[in-house]
Amino acid sequence: MHQVVNSETIAAPRGSHRAPGGVVTVLVPAHNESGGITETLFSLNNQTRRPDRVIVVADNCTDNTEELALAQGAEVLRTVGNKDKKAGALNFALGQFLPGADPEDLVLVQDADSQLAPDFIENATNNLLKDELLGAVGGVFSGGPGGGFVGHLQRNEYARYARDVERLHGKCLVVTGTAALFRIKTLRDVVASRLNGALPPGNGEGGVYDTSVLTEDNELSFALLTLGYRIASPSNCTLVTEVMPTWRELWAQRLRWKRGAVENCVQYGWTKVTRPYWGRQFLSMIGVLVTLAYLGSIVFALTTGMGLNLHPFWITVTCIFVLERIITLRLRGWRYMLLAATMYEAVIDVFLQAVHAKAYLDAVLNRKKVW
């Protein structure tokens, strides 16, 4: 693998300065992202706390991502021969400048299909500086436009996630890969721990990201927590990210997320850190079984001529569920809340339960992983 950094060298930062929080470098891994890279870099160029360097890590691009990035003033680091997707591209880029960077400097890793709120870096930096044990600050994302009905359902889902994070004062289970800010010294700690066996070895060469897993951001969150750091997604660190435009693409994305999360738990075993995650996996499995039993009982009753009988207990349970759907959509406004009362979103609930079931089955049967 080799790199081309704007025809210069990555060891020659331009316009760097030591503002509070140190030098902020942004890494944007990109594989054929010509459709959104300009907007992504535009959002970086308009930050209230502007980054000192923006490096687009062009990974096996065959479109004009590189040209568009250069036109926005970004540096371009080109990988050649990388077979480890996003994690491999990031490991390559981090390996170039981590050794020579100041320990107090910061690095922001951001997806190429996401746009930061103008004060994202300023707020993320302030949050990180307040807490020495905070290992990473992630973003709270909302869904971008498009995608028709399936896009609409994802925007509702993301709005509920944002509400949950707000209610928990930024406490999160995973520092999302869409945008996360780290200290250089924290990432060096991860590298050292992978090499000395305190953490899973990852790529075996001291890479920050584990290239053997499907969800590298989930694994890195486990790694940070295992090392004693905290993670957070403060409500004032917001961004907009792309939604999956079709059911097929949503299925592939969620299958990867879910199976990756399950296998990350297996990878780290039963520890103080992973117990809450195992608990969520258990509850998800219970949810799948309950959904199957619920739908199966309805089909059985209708196909055998027994008919449906309404019982007060189940009517009460249904009303509570409807209220949950309404209240949790508060961030989208009252029109969306009223619409949620019709329970039209049940279609994505059942869809995601099917994804969960498939992910568990694939993990148990050790079927081939698809990124």
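**View 1. Y158, a buried tyrosine in helix α5.** In this predicted model, Y158 is buried, with a relative accessible area of 4%. That value falls under the 20% cut-off, so Y158 counts as buried. Helix α5 covers residues 148-167 and holds Y158.

**View 2. F141 meets Y158 edge-to-face.** The two rings form an aromatic pair. Their centres lie 4.9 Å apart, and the planes make an angle of 85°. F141 belongs to strand β7, residues 140-143. Y158 sits in helix α5, so the pair ties together parts that are 17 residues apart in sequence. F141 is also buried, at 11% relative accessibility.

**View 3. F141 stacks with Y161.** Here the centre-to-centre distance is 5.2 Å. The ring planes are 20° apart; under 30 degrees counts as stacked, so this pair takes that label. The pair links distant parts of the chain, with F141 in strand β7 and Y161 in helix α5, 20 residues apart. Y161 is partly exposed, at 26% relative accessibility.

**View 4. F141, Y158 and Y161 as one aromatic cluster.** F141 pairs edge-to-face with Y158 and is stacked with Y161. The three residues form one cluster. Within it, F141 and Y158 are buried, whereas Y161 is partly exposed. Across the model, the count comes to eight aromatic pairs.

**View 5. R332 over the ring of Y336.** This view turns to a charge and a ring. The charged end of R332 sits over the Y336 ring. It lies 4.0 Å from the ring centre.

Note on methods
Residues numbered from 1 in each chain as written. Predicted model: local features only at pLDDT ≥ 70, side-chain atom pairs only at ≥ 80, totals over all residues. Heavy atoms only, no water. Phe/Tyr/Trp six-rings, centres within 6.5 Å; stacked < 30°, edge-to-face > 60°. Helix = DSSP H or I, 4+ residues; strand = E, 2+ residues; numbered from the N terminus. Buried < 20%, exposed > 50% of the residue type's maximum accessible area, 1.4 Å probe, protein only. Lys NZ or Arg CZ within 6 Å of the ring centre and 35° of its normal.
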